Structures are given as C-alpha cells and as structure tokens.
Amino acid sequence: MADLVPRAVCLGEAMIMLAAETGAPLEDVETFRRSVGGAECNVAGGLAALGIPTGWISRLGADGFGRHVLSDLESRGVEVGGVEDDPTRPTGLYVKHTINGRTRMHYYRSGSAAAAMDADFLDRPAVRNRLVGAELVHTTGITAAISTTAAALLDRLAALRDTLGFTLSVDLNWRPALWRDTDPAPLWRLLRAADVVLIGADEAALFAGTGDPDELRELFGARATIVVKSDAHVALALEPGGRRTEVPALTVEVVEPVGAGDAFAAGYLAATLQGLPMEQRLRLGHLSAAAVLAVPDDHATLPDARVRQALLDCSDDDWANTQVGPAGIRSPALMGGVV
C-alpha cells in the first residue's frame, strides 16, 4: 500500500462497531460482533472496492481498536499512511442493537482521538502530501459535528481546496443529536463551499427546511452539483448549469439500512472520477447502496466489473426490472438473469 498515490482522500472519523448478536434487551446481550464503521471510512472502502486508489485520513487511539481499524481498511485496499495515532485518547465505538425490528445506535465517541483533529492537523506532512495529490476529498457533516476543533479543520480544508485544486465532496449526514445545543453554522459553511453535495431528501427537510432541489440550490449557492436521494425512490442530480438527471432506485430486499448512504456516495464518486455520464454515476450509486442494503454490515462485496457494467449500460426497462437481495442480483440485463 505504501506506493499507492490516492486519487481520492476521505477525511473523518472511524469507529469500532459492536453489533449485538441477539435481539434481547441490551442489558441482557452477552456477545457482540465487531466490525469497523464510520461514514468517511465506509466511503473510502467503497471507492477502493471500485478501483479508485483511495486514502483515509484521521486520528485513532494507539489501542487495539485503532490497530484493528487500520488492519481492516488496509485489507480493503485503503491507503492509511496519513492516519495519526493518539497515545492518550481512545478510538471511538458504537453499539448497534436491534430489538423488535428496530435498530438503535449507541455512540461512545466523546473525547475520542478523531474528535481531537484540528486545523493544524492538515499541516502534518503526511496529511498535506495526500491532499496535494488528491483529485477529490470527501468528508461529511458528522466530522463537522464531533468537536469545535474538527469543525475548524473543515473550514481550513475548504480554504485549501482552491489552493490545492481538489474537488470537495460533502455528504450532509445530518445527525441532530450531535448538534444539540450547538450552532450548525460550520456545516452550512462547508456545504456552501463544496463542489459536490450529497443529501437525503428527508434529512434535508430536517436540516434545511426543504428537500426540494431548487430550493436547496438557493440555500447552498451556485457552485455544487447537488445530489438529492429520496430513500428507495429516486436520486436526482442538479448540476450548476441547471441540468437535472433522475435515476430511480433498484428494488431491494432490505436486510439492514445502515451504511447504504455511504455506499451510494462511494458509487457516485467513483463514477465521477471515472468520467462517466451523470446517469451512470447515479446508477452506480444506487447499485452500491443496494449491495449494502442486502447484507447486515455497513459495507458489502460489490458485484464484479462485468455485472456492474451490464447494469450501467442497460435499458431503463431492464434497470427498472432489476432486483437485489441476499441471494444476489436478478436482472434481464444479465446473462441468465441471476448472479
């Protein structure tokens, strides 16, 4: 991995996820399954899986959980040479617990190593060198929320964008609990500075008071391509010149929704870096999200390049008749219909 020069860099926290193994009340759960979560590292893994040389930059505790995060991301092809160890602060974690069909997240990130990121972090040679070489830098509203110093880091990142020449991508990832009693002005600044804004219609309504793309354009300004995702229905891209592209979502047998938004971002951004037409960017976003929706984890093995290309190139009718589930993909666009 040392020789990999990232085309894309994802900047933000990673956490250990502990998923309860049973649907018992949390106080009665005795075993948990460990994995790695966090919006930006999920996107980094998704980009790498799609063949984009990708680095992830952050801070981790100098602990076993932090070492596991690094090992997991490296095994998925993500370059992690820009990550800093913190000898005193821990790696954050969260617990995922499903009971009576409802999934809840319990976060333990206060005082984490990632929350100690600040504007000066971007001056570290290992970080600065990766930003200089990147075509695209991706972050989210979660990183803006985890601490005032992390918010200042993103202000600095936006200022560096014009100097260093990278495309700045921001996924809103609105988490009201993280902003309780806190002014979201840093997040507004970040969104208005971005070149790509990824946003769910429902979360946009909560955050900005509207999910309408034209109204969001007025609020965010003229610079960005705004991609509005309407859950299981449609994704719409509104480009700075006014061009609109809509692509319906695939039909999915949903196992677990967590991580699908990050997967969509990875698919869309990978296709953007590959120079694909907007319709195919949105299709690859939907396909990546569908793969995650059909598994219990925050990330999934994507269909191989042949299958992806067939679905990116297929007719609108074949796309509309494609189904994704735990058993695989069923589509008239695929030889034999099922993979």
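Select the hairpin of β13 and β14, where five residues stand between the strands and Gly242 takes a positive phi near 105 degrees. This is a predicted model, in which local features need pLDDT of at least 70, side-chain atom pairs count only at pLDDT 80 or more, and totals for chains, interfaces and linings use all residues. Residues are numbered from 1 along each chain as its sequence is written, and side-chain values use heavy atoms, with hydrogens and water left out. Strands (E, at least two residues) and helices (H or I, at least four) are DSSP runs numbered from the N terminus.

Stay with the two strands of this hairpin. Strand β13 (residues 234-238) pairs with β14 in the antiparallel sense over five bridges; pairing requires that DSSP find at least two bridges between two strands. Ala235 has Val247 as its bridge partner in β14. On β14 (residues 244-248), select Thr245 and Val247 to display the covered face, then Arg244, Glu246 and Pro248 for the uncovered one.

Next, select the open sheet of four strands, whose order is β3-β2-β7-β8 with mixed pairing. The edges are held by β3 (32-37) and β8 (102-108), each with a single partner strand, so one side of each has no neighbour in the sheet. Neighbouring strands here are turned by 25 degrees against each other on average, direction ignored. Within this sheet, strand β2 (residues 15-20) runs antiparallel to β3 and is joined to it by six bridges; Phe32 in β3 is the bridge partner of Ala20.

Add helix α2 (residues 64-75), which lies across β2, β3 and β7 (92-99) and runs at about 65 degrees to β3. Axes are lines fitted to C-alpha atoms, for helices over the stretch in contact (heavy atoms within 4.5 Å), and angles run from 0 to 180 degrees between N-to-C directions.

Now select Glu13, Ala14, Met15, Arg59, Leu60, Pro90, Thr91, Gly92, Ser112, Ala113 and Ala114, which line the largest cavity. A cavity is a set of points on a 1 Å grid over the protein atoms alone where a 1.4 Å probe fits but cannot get out, and lining residues have an atom within 4 Å of a point. About 30 Å³ of space lies in this cavity. Its lining divides into six nonpolar, three polar and two charged residues.

Finish at Pro125, in helix α3 (residues 125-133). Pro125 counts as exposed because its relative accessibility is 58%, the cut-off being over 50% with a 1.4 Å probe and protein chains only. From Pro125 to Leu191, the C-alpha to C-alpha distance is 26 Å, across 66 residues in sequence.

Terms used:
On a 1 Å grid over the protein atoms alone, a cavity is a set of points where a 1.4 Å probe fits but cannot get out, and a pocket is an open set with protein on both sides within 12 Å along at least five of seven lines; lining residues have an atom within 4 Å of a point. Grid points are joined across faces, edges and corners, and a volume is the space filled by probe spheres set on the points. Ala, Val, Leu, Ile, Met, Phe, Trp, Tyr, Cys and Pro count as nonpolar, Asp, Glu, Lys and Arg as charged, and the others, Gly among them, as polar. Buried means under 20% relative accessible area, exposed over 50%, partly exposed in between (1.4 Å probe, protein chains only).
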